[in-house]
Amino acid sequence: MDKHKKQNILSNCNMVPLPALDQAIVGGFIAFDELEQHGLTRDKLKELQLLDDSRNGKIVLPPPIPGLPTIDVELPLMPGMPPLPTMTSPSAPIQTSETLLEQIKNNEISADDIKKLIGEKKLTFDYLESIGVEKRVVQALKFYSSASAITIFKRIEDLPPMESGRTDLYMVGMPFSGKSTILASLIKHSNKQGILMHDSYNPDGNKYLETLKRNLDYGVLPIRTDSASYNYIATSFKDQKGTTHPFNIVEVPGENYVKIFNQGFENSEIPQFINYVKSNNKKILVFIIDALSHDKRFEDEKFFSALDQSIAYTNIISIFKDSKVLDNTDAVYFVVNKFDYIKQTRYRDDDRAESELALDYMNQEFLSLIENCKTARENSRNQFKIKILPFSIGDLVYEKIVTTIEDKYPQELVKNMLEDSFVVKGGAFWKRFF
């Protein structure tokens, strides 16, 4: 390589694809120090060092991603080296190892993307740790990559009869709204506080309860339920006075609420679902408001086909009213999930209490839903409470990995559940001994 070509490469080193720079270093035509002196970015210098460490056996890097571009000037080839590929058109967006590194560092890639790259042998967990990803995050990604969707009850007819003498709590939400995440947070928080009382009724529900908690213990949002599966947990919570509040917690697949909206009672599953809901037990209906998808529905194409939550939930409330489900309902909660997103966008400089911000958000975006719920209450035998609560799981990376779990939101939700639920009076036998 003549000195003019070398100087041209050094002067424009940040524009030269990384594989070409690496080959030039291996061939002895350019020194690492020369690139550093000519202002090569720190990230590129670090990746070149990783490639050199890989050649020396210090670390193991994943295989290169096919289609990597290289320099479009002539470089002398090492013996046995195949001809270098020509530079692709600048207009063709090609994923390079450098851009992948940046996406990982900047949290611009999802856990699902990482799982896919791991499966395709284009990335390794050791490599993630070597570039600075926290070990506990890498462990969570390992768990996430090995987990599969949860399926306990496939159909409504597979659910065991709900035990009487409990409060039926229904998690109502669209697909991906966060029903399982909120439920897992409630379970984990209550278990940590020593107020979760395990019941022997419905062993399969206990398996699901344990799975939800284990997901969060590993720092992973609950692996979504199978698209058509129902899950039922029979459990109890203890209040500060030691009084037991027994619950039937039913998680209905979000797709079923979409069917309720689109097809009403014409769908074969809906009459069975309504009949199952229509027990004589008191009820709490928890509507999950997905604030993130609602606010991004006009700008992110993955939300373009999603139902308008305000209209869909209003329709569901109407069906519950007509089916007399609301006659046995003691409370309806509108839980504004992913609340941290709207705090960072709409209310960044607003110092009002979070409960006030959640109410303000619902009045701005879901006023019709609230008013329809009030009208349904006026026409129901039971004048149920209507509550609005904020909720956020905590801090996330790669969309699915939880780095910090926020306790105040499940604490407030459990507090309200205990206020509005059926109780077992007279205490328990163990009070005589403790």
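Which residue just after H2 takes a positive phi of about 80°? Gly28 does.

This is a predicted model, in which local features need pLDDT of at least 70, side-chain atom pairs count only at pLDDT 80 or more, and totals for chains, interfaces and linings use all residues. Residues are numbered from 1 along each chain as its sequence is written, and side-chain values use heavy atoms, with hydrogens and water left out.

**Figure 1. Overview of the protein.** The protein holds 18 helices and nine strands. Helices (H or I, at least four residues) and strands (E, at least two) are DSSP runs, numbered from the N terminus. Of its 434 residues, 47% count as buried. Buried means under 20% relative accessible area, exposed over 50%, and partly exposed in between (1.4 Å probe, protein chains only). Contact means heavy atoms within 4.5 Å. Among contacts with a separation of 6 or more, 74% are between residues 24 or more positions apart.

**Figure 2. Helix H2 and the glycine after it.** H2 covers residues 18-26. Its buried residues are Leu18, Ala20, Leu21, Asp22 and Ala24. Gly28 follows just after H2, with its positive phi of about 80°.

**Figure 3. Helix H9, residues 179-193.** H9 has 15 residues. From first C-alpha to last it reaches 21 Å, close to the 21 Å expected at 1.5 Å a residue. The expected span is 1.5 Å times one less than the number of residues. Eleven of the 15 residues are buried, so H9 is largely enclosed by the rest of the structure. The buried set begins with Lys179, Ser180, Thr181, Ile182, Leu183 and Ala184. Ser185, Leu186, Ile187, His189 and Ser190 complete the set. Just after H9, Gly194 takes a positive phi of about 75°.

**Figure 4. Nonpolar cores.** A nonpolar core is a set of buried Ala, Val, Leu, Ile, Met, Phe, Trp, Tyr and Cys residues joined through side-chain atoms within 4.5 Å. The largest core has 81 residues. Within it, Phe273, Phe287 and Phe334 touch the most other members. Another core, of 26 residues, lies apart from it. Leu101, Ile109, Ile118 and Ile401 are among the residues of that second core.

**Figure 5. Surroundings of Phe334.** Residues up to four places away in sequence are not counted here. Phe334 touches Phe287, Ile289, Ile317, Met362 and Leu369, among others. Its contacts also include Cys373, Ile386, Lys387, Ile388 and Leu389.

**Figure 6. Aromatic pairs.** Rings of Phe, Tyr and Trp (its six-membered ring) pair if their centres lie within 6.5 Å; planes under 30 degrees apart count as stacked, over 60 as edge-to-face and the rest as tilted. The count comes to seven aromatic pairs. Phe287 and Phe334 form a tilted pair, 5.6 Å centre to centre with 40° between the planes. Phe287 lies in strand S5 (residues 282-290) and Phe334 in strand S6 (residues 329-337), so the pair ties together parts that are 47 residues apart in sequence. Phe287 and Phe334 are both buried. Tyr361 and Phe366 form a tilted pair too, at 6.1 Å centre to centre and 50° between the planes. Both of these residues are buried. Ring pairs also link Phe287, Tyr313 and Phe334 into a cluster.

**Figure 7. Lys115 and the ring of Tyr144.** The charged end of Lys115 sits over the Tyr144 ring, 5.7 Å from its centre. A charge sits over a ring if NZ of Lys or CZ of Arg is within 6 Å of the ring centre and within 35 degrees of the ring normal.

**Figure 8. Glu354 in helix H16.** H16 spans residues 354-365 and contains Glu354. Glu354 is buried, with a relative accessible area of 16%. Its side chain makes a polar contact with the side chain of Lys408 (3.3 Å). A polar contact is a pair of N or O atoms within 3.5 Å; within protein, one must be able to donate a hydrogen and the other to accept it, and residues adjacent in sequence count only if both atoms are side-chain atoms. Not counting residues up to four places away in sequence, Glu354 touches Phe339, Lys343, Pro390, Lys408 and Tyr409.

**Figure 9. Loop residues Arg348, Lys338 and Asn202.** Arg348 is found in the loop between helix H15 (339-345) and H16. Arg348 is exposed, with a relative accessible area of 62%. A polar atom of its side chain lies 2.9 Å from the backbone oxygen of Gln344. Lys338 lies in the loop between S6 and H15. Its phi is near 60°, a positive value in a residue other than glycine. Lys338 is partly exposed, at 23% relative accessible area. Asn202 is found in the loop between strand S2 (196-198) and helix H10 (203-217). Asn202 has a positive phi of about 65°, although it is not a glycine. At 8% relative accessibility, Asn202 counts as buried.
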